[in-house]
Amino acid sequence: MKGTLFANTFSFWDKLSDSEKDSFIHGSIDIAYSKGQIIHRSSMQCQGAIIVLSGSMRIYIVKEIRHRIL
């Protein structure tokens with residue numbers, strides 16, 4: 001199932017070798033987030049690509065003077 005999801009999501013999927021696809025699939029995890037939960041801040045380490053399977057995600061950047069950009 002993940003292979004199909006990734007093939008439909010990432011345009012480069014067909015260019016990967018079978019070994020690279022396997023590494024990509026086995027390196028992925030399913031996570032459920034609660035409403036209002038902060039999933040990333042600039043002070044946090046990159047978590048990789050996030051694919052939203054259901055629900056929605058609100059994304060914005062806050063400048064140092066606390067104004068929302070997005």
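**View 1. An aromatic cluster in the predicted model.** Five residues, Phe6, Phe10, Phe12, Trp13 and Phe24, come together here as one aromatic cluster. Please keep in mind that this is a predicted model. Across the structure there are 7 aromatic pairs. The next view picks out one pair of rings.

**View 2. Trp13 meets Phe24 edge-to-face.** The ring centres of Trp13 and Phe24 lie 5.4 Å apart and the planes stand at 80 degrees, so this pair is edge-to-face, the class for angles over 60 degrees. The pair joins distant parts of the chain. Trp13 sits in the loop between helix H1 (2–9) and helix H2 (18–26), while Phe24 belongs to helix H2, and 11 residues separate the two. Have a look at the surroundings of each ring, too: Trp13 counts as buried, with a relative accessibility of 5%, whereas Phe24 is partly exposed at 30%.

**View 3. Lys21, a buried lysine without a salt bridge.** Here we turn to Lys21, a residue of helix H2. Lys21 is buried, yet no salt bridge is found for this side chain. Asp18 offers the nearest side chain of opposite charge, at 4.6 Å, and the cut-off for a salt bridge is 4 Å. Setting aside neighbours within four places in sequence, Lys21 is in contact with Trp13, Asp14 and Leu16. Trp13, one of these partners, is also a member of the aromatic cluster shown in the opening view.

**View 4. Asp22 and Gly3 across the sequence.** Asp22 is another residue to find in helix H2. With a relative accessible area of 43%, Asp22 is partly exposed. Gly3 is 19 residues away from Asp22 in sequence, and the C-alpha atoms of the two are 8.6 Å apart in space.

**View 5. The protein chain as a setting for the close-ups.** Stepping back, you will find 2 helices and 0 strands in the protein chain. The radius of gyration is 15 Å, well over the 11 Å that the globule rule gives for 70 residues, so the chain is more spread out than a compact globule. Along the principal axes, the C-alpha atoms fill a box of roughly 45 × 20 × 20 Å. Of the 70 residues, 9% count as buried, and Trp13 is a buried residue you have already met. The chain exposes about 6600 Å², with carbon and sulfur atoms supplying 52% of that area. Among contacts with a separation of 6 or more, 22% are between residues 24 or more positions apart.

Terms used: Residues numbered from 1 in each chain as written. Heavy atoms only, no water. Phe/Tyr/Trp six-rings, centres within 6.5 Å; stacked < 30°, edge-to-face > 60°. Helix = DSSP H or I, 4+ residues; strand = E, 2+ residues; numbered from the N terminus. Buried < 20%, exposed > 50% of the residue type's maximum accessible area, 1.4 Å probe, protein only. Lys, Arg positive; Asp, Glu negative; His and termini not counted. Contact = heavy atoms within 4.5 Å. Rg over C-alpha atoms; globule rule 2.2 N^0.38 Å. Areas by Shrake-Rupley, 256 points an atom, 1.4 Å probe, with all protein chains shown as cover.
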